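Me: Please take a close look at one part of this model for me. Start from a single residue and work outward, keeping it casual but giving me the numbers.

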Amino acid sequence: MAYQENARRNLAFADDFISASLVDNVRDFAVEDGVVVNLSPKPMVTSGSAVPGIVPAWKSTALKGAKIVSAERAAVLKMNKTTNLGGVALRGWDWLGNRIKSFPRDTPLYISAQDTVGTVTTNPLAFTNENPAVAAKSGVRAEA
């Protein structure tokens, strides 16, 4: 597949209530209002004021009237409708208690459809912001 800037597709759980897009090779991508998730091991650069912002690898931030200046891959999420949002549970979302029996019955936490957005190889200690020196002392071996 040829390189294309701002190649965009909907994620599996996108619908009338939730806008959810995956964007690859992001360059000067306008975000009117939403949450952006950096889905790459490299920093995402954002702009919305005189000072550029940096979103570290695997982290997210809210943007309004801004843009993603550069990123390898990002998810852009926005709630389109907040009225009757509980209806998502009727459209294929699964209550977490159905998967984890000890989950509190009075907590309304639901899981959307899953979507594959890529494959990554990384050092798990770097991914979780742990110190590799501490892991070496505890006998844990991690390789990238």
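**Starting from Asn25**

Reply: Asn25 is partly exposed, since its relative accessible area comes to 23% (buried is under 20%, exposed over 50%, partly exposed in between, with a 1.4 Å probe and protein chains only). Before going on: this is a predicted model, where local features need pLDDT of at least 70 and side-chain atom pairs count only at pLDDT 80 or more, while totals for chains, interfaces and linings use all residues. Residues are numbered from 1 along each chain as its sequence is written, and side-chain values use heavy atoms, with hydrogens and water left out.

Back to Asn25: its phi is positive, at about 55 degrees, even though Asn25 is not a glycine. Asn25 lies in strand S2 (strands are DSSP E runs of at least two residues, helices H or I runs of at least four, numbered from the N terminus).

Strand S2 covers residues 18–38, and Val31 sits in it too. With a relative accessibility of 3%, Val31 counts as buried. Leu63 is 32 residues away from Val31 along the chain, yet their C-alpha atoms are separated by 6.6 Å. Leaving aside residues up to four places away in sequence, Val31 touches Val36, Leu63, Lys64, Gly65, Ala66, Lys67, Ile68 and Val76 (contact means heavy atoms within 4.5 Å).

Now zoom out to the sheet. S2 belongs to an open sheet of 5 strands, in the order S1-S2-S5-S3-S4, with antiparallel pairing (two strands pair if DSSP finds at least two bridges between them). Strands S1 (7–10) and S4 (53–55) stand at the edges with a single partner strand each, so one side of each has no neighbour in the sheet. Ignoring direction, neighbouring strands of this sheet are turned against each other by 35 degrees on average (axes are lines fitted to C-alpha atoms, and angles run from 0 to 180 degrees). Over at the S4 edge, strand S3 (residues 44–47) pairs with S4 in the antiparallel sense over 3 bridges. One residue to look for there is Thr46, whose bridge partner in S4 is Gly53.

In the loop between S4 and S5 you'll find Trp58. Like Asn25, it has a positive phi without being glycine: for Trp58 the value is near 65 degrees. Trp58 counts as partly exposed, at 26% relative accessibility.

Then there are the rings. The model has 2 aromatic pairs (ring centres within 6.5 Å, using the six-membered ring of Trp; planes under 30 degrees apart are stacked, over 60 edge-to-face, the rest tilted). Phe13 and Trp93 make an edge-to-face pair, with 6.5 Å centre to centre and 80 degrees between the planes. Phe13 is in the loop between S1 and S2, and Trp93 is in the loop between strand S5 (60–79) and strand S6 (94–95), so this pair ties together parts 80 residues apart in sequence. Trp95 and Phe103 are edge-to-face as well, because their planes are at 70 degrees, with the ring centres 6.0 Å apart. Trp95 is buried at 12% relative accessibility, and Phe103 is buried at 15%.

Finish at Ser112, which touches both Phe13 and Trp93, not counting residues up to four places away in sequence. Ser112 is in the loop between strand S7 (110–111) and helix H1 (124–127), and its 18% relative accessibility makes it buried.
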